[in-house]
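I opened my notebook beside the viewer and jotted down what I looked up. Follow along if you like.

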Amino acid sequence: MHITQLNRECLLCLFSFLDKDSRKSLSRTCSQLRDVFEDPTLWPLLHFHSLAELKKDNFRLSPALRSLSICWHSSRVQVCSIEDWLKSALQRSICSQHESLVNDFLLQVCNRHKGDECPNLTSVTLSGCGHVTDDCLTRLLLSCPRLRTLRLENCARVTNRTLAAVAAHGRALQTLHVDFCRNVSAAGLLRLRAACPHLILSAEHSAAMIPDQLPRARVCATSVFSAAPGRQSVRHPTGSY
């Protein structure tokens, strides 16, 4: 029996065992298999292990999407996590190649005007996404009313604004992780806990990490020590966060 003699249900089952690249390769062989590749029911789960995968054409966003994860474990994540005003020209150049990828992709997920919206999305995991913003996550919460689980790990741009958005818009949210997110504070976590007492909340190391500090704040703190009468100049510790 030739593969094209299988019915649609069997072909979808067969495709479901293949990775994204293999699905795309198979879809190029004939129009029947291309139609299977385009079937929204084939894409309830999307998992990406690098930001470069977001630019490929080997997957489809559809209303059937229920679970999305973008987990980037690379040495470049450390560069992304450096405060913008501390980055060298080389580090800024590295970040410029990918800094908008995750935000742009999530905006596609949120898009309600071009048929790519994901109203059934229930779980999102973002790890090592150092450039994802509070505004983008707020839009995600507004656009995905059935979102029940949001896991954020090592996302340096996430702040208490995301926690406030969860309290305001995460009506269906049951689980929130903000682990190793240095700009989430203990006060913000307490406010969220008070607003959403039934939310399962994890914030491993987040509130204990040193948050971003504006350059002016650093200078002022150093000046206070330096200008104190009868004291030697004390170097203010900055470090690389």
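**Entry 1: H1 and H3.** I began with how helix H1 (residues 8-16) sits against helix H3 (residues 31-38), and their axes are 10 Å apart at an angle of about 65°. H1 and H3 are therefore roughly perpendicular to each other. My scale for such words: under 35 degrees is roughly parallel, over 145 roughly antiparallel, 65 to 115 roughly perpendicular, and the rest oblique. The axes are lines fitted to C-alpha atoms, for helices over the stretch in contact, and the angles run from 0 to 180 degrees between N-to-C directions. The crossing of H1 past H3 came out right-handed. For handedness I used this rule: a crossing is left-handed if the near helix is turned anticlockwise from the far one by less than a right angle, and right-handed if clockwise. Helices (H or I, at least four residues) and strands (E, at least two) are DSSP runs, numbered from the N terminus.

**Entry 2: ground rules.** A reminder to myself: this is a predicted model, where local features need pLDDT of at least 70 and side-chain atom pairs count only at pLDDT 80 or more, while totals for chains, interfaces and linings use all residues. Residues are numbered from 1 along each chain as its sequence is written, and side-chain values use heavy atoms, with hydrogens and water left out.

**Entry 3: Cys13.** I stayed with helix H1 to look at Cys13, which is found there. Cys13 has a relative accessible area of 43%, which makes it partly exposed (buried is under 20%, exposed over 50%, partly exposed in between, with a 1.4 Å probe and protein chains only). I also checked Cys13 against Leu42: the two are 29 residues apart in sequence, and their C-alpha atoms are 8.5 Å apart in space.

**Entry 4: the sheet.** What is the order of the strands in the sheet? I read S1-S2-S3-S4-S5-S6, an open sheet of 6 strands with parallel pairing. S1 and strand S6 (200-202) stand at the edges with a single partner strand each, so one side of each has no neighbour in the sheet. From one strand to the next, the twist averages 5°. For pairing, DSSP has to find at least two bridges between two strands.

I then went through some of the pairs:
- Strand S3 (residues 123-127) and strand S4 (residues 149-153) run parallel and are joined by 5 bridges; Val124 has Leu150 in S4 as its bridge partner.
- S4 pairs with strand S5 (residues 175-179) in the parallel sense, over 5 bridges, and Leu152 stands opposite Val178 in S5.
- S5 and S6 run parallel with 3 bridges between them; here Leu176 has Leu201 in S6 as its bridge partner.

**Entry 5: the connections.** Next I traced the helices between strands. S3, H7 and S4 make a right-handed β-α-β unit, and S4, H8 and S5 make a right-handed one as well. Right-handed here means that, with the strands pointing away from the viewer, the path from the first strand over the helix to the second runs clockwise. H7 and H8 pack with their axes 9 Å apart, at an angle of about 15°. That makes H7 roughly parallel to H8, and their crossing is right-handed.

**Entry 6: salt bridges.** How many salt bridges does the structure hold? I noted 7, counting a side-chain nitrogen of Lys or Arg within 4 Å of a carboxyl oxygen of Asp or Glu. Lys56 and Asp21 meet in one of them, at 3.9 Å from N to O. Lys56 lies in the loop between strand S1 (45-48) and strand S2 (67-71) and Asp21 in helix H2 (residues 20-27), so the pair ties together parts 35 residues apart in sequence.

Asp135 and Arg161 form another, with the closest N and O atoms 2.3 Å apart. This pair links helix H7 (residues 134-143), home of Asp135, to helix H8 (residues 160-169), home of Arg161, 26 residues apart. Lys24, Glu38, Asp57 and Arg60 are joined into one network by salt bridges that share partners. Within that network, Asp57 and Arg60 bring their closest N and O atoms to 3.0 Å. Buried or partly exposed, I asked of Asp57? Asp57 is partly exposed at 48%, whereas Arg60 counts as buried at 18%.

**Entry 7: positive phi.** Lastly, I looked at Asn154, in the loop between S4 and H8, where phi is near 55°. His205, in the loop between S6 and helix H10 (215-227), has phi near 65°. Most residues other than glycine have a negative phi.
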